[in-house]
Amino acid sequence: VKLDKNKNVYTLASVTSSINYCTISKRNSSMQSVWIKPYFLDSSIDLYPVSFSLRRKSTNPDIYVSGYTSLGDIITSKFDNNDESVPNLIWEIPYDCGTEGSDVASLMVQDQYDNIFITGYSNCNGTSDDIKTIKYCVNVPEVPDAINGPLTVCHGDAVTYAVTVDT
């Protein structure tokens, strides 16, 4: 659950059906439904959302969603937020460590500059689980590039479940 500057309430929910997907919803400060956005990747790819955030410096904040797929990739997506209308997908970035492994996102946070940090783990090319942290700069209108590449910060059997940034 997240709140914007106008005290609107946003939620991210995982939906299990023949294909797993998520919904993003917005309610006004009186808890009346404003919109619900189903988010599918493909009719044959399951999506497991783990975290979302709102762009802090905006009255109608953009929405960022992070999760992982049944293909073993981390996925990060950006949606616009034009007040009353259902948001549109702006961009979608998959991260795949390689053909012989899987990547799983655990959590996403934003810093005071609206950069996105995603943490989780990868086990590429037969390695044990390695901590994976990805940073995306989002203060540009185009699709962001990963800064300094996705960083593997340790080796061995390790999994990250939380991340925080200093302000």
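**View 1. Surroundings of Thr-69 in strand S6.** Thr-69 lies in strand S6, residues 63-69 (strands are DSSP runs of E with at least two residues, helices runs of H or I with at least four, numbered from the N terminus). The model is predicted, so local features need pLDDT of at least 70 and side-chain atom pairs count only at pLDDT 80 or more, while totals for chains, interfaces and linings use all residues. Residues are numbered from 1 along each chain as its sequence is written, and side-chain values use heavy atoms, with hydrogens and water left out. Thr-69 has a relative accessible area of 8% and is therefore buried (under 20%, against over 50% for exposed and in between for partly exposed; 1.4 Å probe, protein chains only). Beyond its neighbours within four places in sequence, Thr-69 contacts Leu-41, Ile-45, Asp-46, Tyr-48 and Ile-75 (contact: heavy atoms within 4.5 Å). Asn-20 is 49 residues from Thr-69 along the chain, with 9.2 Å between the C-alpha atoms.

**View 2. The S1-S2 hairpin.** Strands S1 (residues 2-3) and S2 (residues 9-15) pair in the antiparallel sense over two bridges (pairing requires at least two DSSP bridges between two strands). Leu-3 has Val-9 of S2 as its bridge partner. Five residues separate the two strands of this hairpin, and Lys-7 in the turn has a positive phi of about 65°.

**View 3. The S2-S3 hairpin.** Seven bridges link S2 to strand S3 (residues 21-27) in an antiparallel pairing. Leu-12 is matched with its bridge partner Ile-24 in S3. The hairpin connection from S2 to S3 runs through five residues.

**View 4. The protein as a whole.** The secondary structure consists of zero helices and 12 strands. Of the 167 residues, 47% count as buried.
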